[in-house]
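Let's take a walk through a protein together. Keep the 3D view open and turn it around as you read.

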Amino acid sequence: MPIFKKALIITYYWPPSGGGGVQRWLKFVKYLHLFNWEPIVFAPSNPEMPSVDLSLLEEVPSDVRVLRNKIWEPYAFYKRFTGRDQEDKIQTAFLSEKKSKFHLLEDLAVWIRGNFFIPDARRFWIKPSVRQLSQFLAQYSVDALVTTGPPHSTHLIGMRLSKKLGIPWLADFRDPWTNIDFYHDLKPGKRADRLHHLLERQVLETAHAVTVVSPGMKKEFLSIVNRTYEVIPNGFDEEDLRLESISEPDTSHFTLAHIGSLTKTRNAENLWKVLKELTESYSDFARKLELRNVGKIDVHVVESLQKFGLEKYLDRIDYIPHKEVIAEQRKASVLLLLVNDTPNAKLILTGKLFEYLASGRPIICIGPPDGDAAEIVRETRCGTVFDFKETEGLKKQILSLFQNFVEGKVNTGCKGVEQFERKNLTARMADILDEISR
């Protein structure tokens with residue numbers, strides 16, 4: 001009989017919360033038992049959820065213990081202050097589906113958030129969580145702590161518990177901290193900026209292990225604290241690909257699909273320009289074209305599509321369960337990977353990329369050609385990469401893919417994608433937990 005070690009995983013995002021932030025540790029928890037680790041999950045009972053996906057609850061192993069406590073967040077006050085409805089969902093990365101009438105109030109609210117809610121709006125979860133988990137850990141011993149952020153308040157919970165109880169601690173970063181694309185949009189003053197950087201450094205210095213999702217993030221953190229960082233990217237779950245809902249490509253439309261939030265910083269105007277020219281030059285292309293976005297779409301992107309006369313081709317699908325997302329990827333003729341056009345674009349490696357790889361559909365990536373996402377797309381031969389301003393090469397590639405679509409050729413010749421399968425990635429994470437818990 002194998003001996004199982006125990007890991008306490010502290011995460012803000014957990015089913016029934018939906019979205020990309022849930023997937024990473026949901027899948028690790030699903031498969032850790034294969035590598036002799038028993039996960040225990042700690043999450044808030046009443047979080048602000050941008051979306052709800054009840055189907056994800058089915059993926060939580062029935063024998064996994066999930067601890068919860070209440071969290072106080074300032075979002076109710078924020079909604080009243082900015083004139084929003086209390087039912088409105090707070091989206092990540094400042095995505096807004098409609099124009100606000102209260103710009104000055106919104107700007108002030110963001111300034112308050114960036115200067116007083118440090119490291120984030122979940123800071124009031126830290127003390128009660130440390131208190132509750134200290135009591136729990138006094139009765140039930142664990143071999144390792146895991147925190148996953150953002151929100152980076154989770155790391156401060158882990159740091160305090162590890163220091164207080166002497167338990168090895170792994171800090172997992174799904175996104176950067178002070179180099180995240182919207183950090184400067186928070187308008188932190190000198191004091192707040194100094195405190196953000198101080199807390200970031202403390203976490204990086206004191207965690208027994210630090211994992212990141214991209215080589216670019218590793219490079220960024222090395223410039224802050226010189227230590228060992230392990231790159232464990234996001235991935236795809238082979239079991240998802242065997243679902244009954246998996247679909248074959250839609251042969252009636254040449255569908256360019258984007259999965260996930262289409263934010264202002266992902267507004268690929270070079271793509272819209274190319275599509276406008278192609279619809280005006282080729283009647284068959286115009287008849288068959290469909291732009292599909294599965295997820296939230298920012299009002300600025302809608303306005304951009306209107307400017308280029310493309311709104312009539314847009315098929316908007318709001319948030320749907322993850323199993324249906326997998327099916328939508330398989331229906332597409334081409335999958336769009338639109339990297340945020342921000343200063344940290346090179347290190348952005350979104351989770352959807354790996355499910356794109358597994359879908360067998362060709363990818364068009366618009367982002368820095370020397371970025372982490374571009375490297376994987378090229379390495380696996382799953383698609384092509386174009387810079388934010390490039391148009392001529394992009395136009396030729398879309399025409400080539402359209403010709404393949406007309407001829408019934410929609411699959412790619414991807415190579416080496418198995419390295420990103422969730423079980424393989426969980427094995428690597430378990431090795432790190434083994435190392436720090438010896």
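On the other side of helix H6 from its buried residues, which residues are exposed? They are Lys190, Arg191 and Arg194. Before we go on, keep in mind that what you're looking at is a predicted model.

Let's stay with H6 for a bit. This helix runs over residues 190-206, which makes 17 residues. From its first C-alpha to its last it reaches 24 Å, close to the 24 Å you'd expect at 1.5 Å a residue. Tucked away from the surface are Ala192, His196, Leu199, Glu200, Val203 and Leu204. Look down the axis of H6 and you'll find those buried residues within an arc of 130 degrees, so they line one face of the helix. There's a general rule behind patterns like that: an α-helix has 3.6 residues a turn, so residues three or four places apart point the same way.

One of the buried residues of H6, Val203, takes us to our next stop, because Val203 is among the residues that His155 touches. His155 sits in helix H5, which covers residues 153-165. Is His155 buried or exposed? With 0% relative accessibility, His155 counts as buried. Leaving aside residues up to four places away in sequence, its contacts also include Thr147, Thr148, Gly149, Trp169, Ala171, Asp172 and Phe173. With Thr147 there is something extra: the two side chains make a polar contact at 2.7 Å. For a sense of scale, try finding Ala286, which is 131 residues from His155 along the chain. The C-alpha atoms of these two residues are separated by 50 Å.

Now for the sheet. It's an open sheet of seven strands, in the order S3-S2-S1-S4-S5-S6-S7, and the pairing is parallel. Strand S3 (65-69) and strand S7 (230-231) stand at the edges with a single partner strand each, so one side of each has no neighbour in the sheet. Move in from S3 and you come to S2, residues 37-44. S2 and S3 pair in the parallel sense over five bridges, and Phe42 stands opposite Leu67 in S3. S2 also pairs in the parallel sense with strand S1 (residues 5-10), this time over six bridges. Here you can spot Lys6 standing opposite Glu38 in S2. S2 is mostly covered, with seven of its eight residues buried.

Some of these strands meet a helix, too. Helix H4 spans residues 126-139 and has 14 residues. Its first and last C-alpha atoms are 20 Å apart, close to the 20 Å expected at 1.5 Å a residue. Which residues of H4 are buried? They are Ile126, Ser129, Val130, Leu133, Ser134, Phe136 and Leu137. What covers them includes S1, S2, S3, strand S4 (144-149) and H5. That's the H5 you already know as the home of His155.

Next, look at Asn344, in the loop between strand S11 (334-338) and helix H12 (352-359). Although Asn344 is in a loop, its relative accessibility is 6%, and it counts as buried. The side chain of Asn344 reaches the backbone oxygen of Asn179 at 2.8 Å. Asn344 also touches Pro176, Ile180 and Asp181, again not counting residues up to four places away in sequence.

Time for the cysteines. How many disulfides does a search of the whole structure find? The search finds one, and it joins Cys382 to Cys414, with the sulfurs 1.9 Å apart. The pair links distant parts of the chain, 32 residues apart. Cys382 is in the loop between helix H13 (372-379) and strand S13 (383-386), while Cys414 is in the loop between helix H14 (392-406) and helix H15 (422-436). The two ends aren't equally covered: Cys382 is buried at 2% relative accessibility, whereas Cys414 is partly exposed at 22%. And what about Cys365? Its closest cysteine sulfur is in Cys382, 12 Å away, which is too far for a bond. Cys365 is buried, with a relative accessible area of 1%.

One last stop: Asp284, in helix H9 (residues 283-288). Asp284 counts as partly exposed, with 44% relative accessibility. Now find Phe402, 118 residues from Asp284 in sequence. In space, their C-alpha atoms are 9.8 Å apart.

Methods: Residues are numbered from 1 along each chain as its sequence is written. This is a predicted model: local features need pLDDT of at least 70, side-chain atom pairs count only at pLDDT 80 or more; totals for chains, interfaces and linings use all residues. Side-chain values use heavy atoms; hydrogens and water are left out. Helices (H or I, at least four residues) and strands (E, at least two) are DSSP runs, numbered from the N terminus. The expected span of a helix is 1.5 Å times one less than its number of residues. Buried means under 20% relative accessible area, exposed over 50%, partly exposed in between (1.4 Å probe, protein chains only). The arc is that of the directions from the helix axis to the C-beta atoms. Contact means heavy atoms within 4.5 Å. A polar contact is a pair of N or O atoms within 3.5 Å; within protein, one must be able to donate a hydrogen and the other to accept it, and residues adjacent in sequence count only if both atoms are side-chain atoms. A disulfide is a pair of cysteine sulfur atoms within 2.5 Å. Two strands pair if DSSP finds at least two bridges between them.
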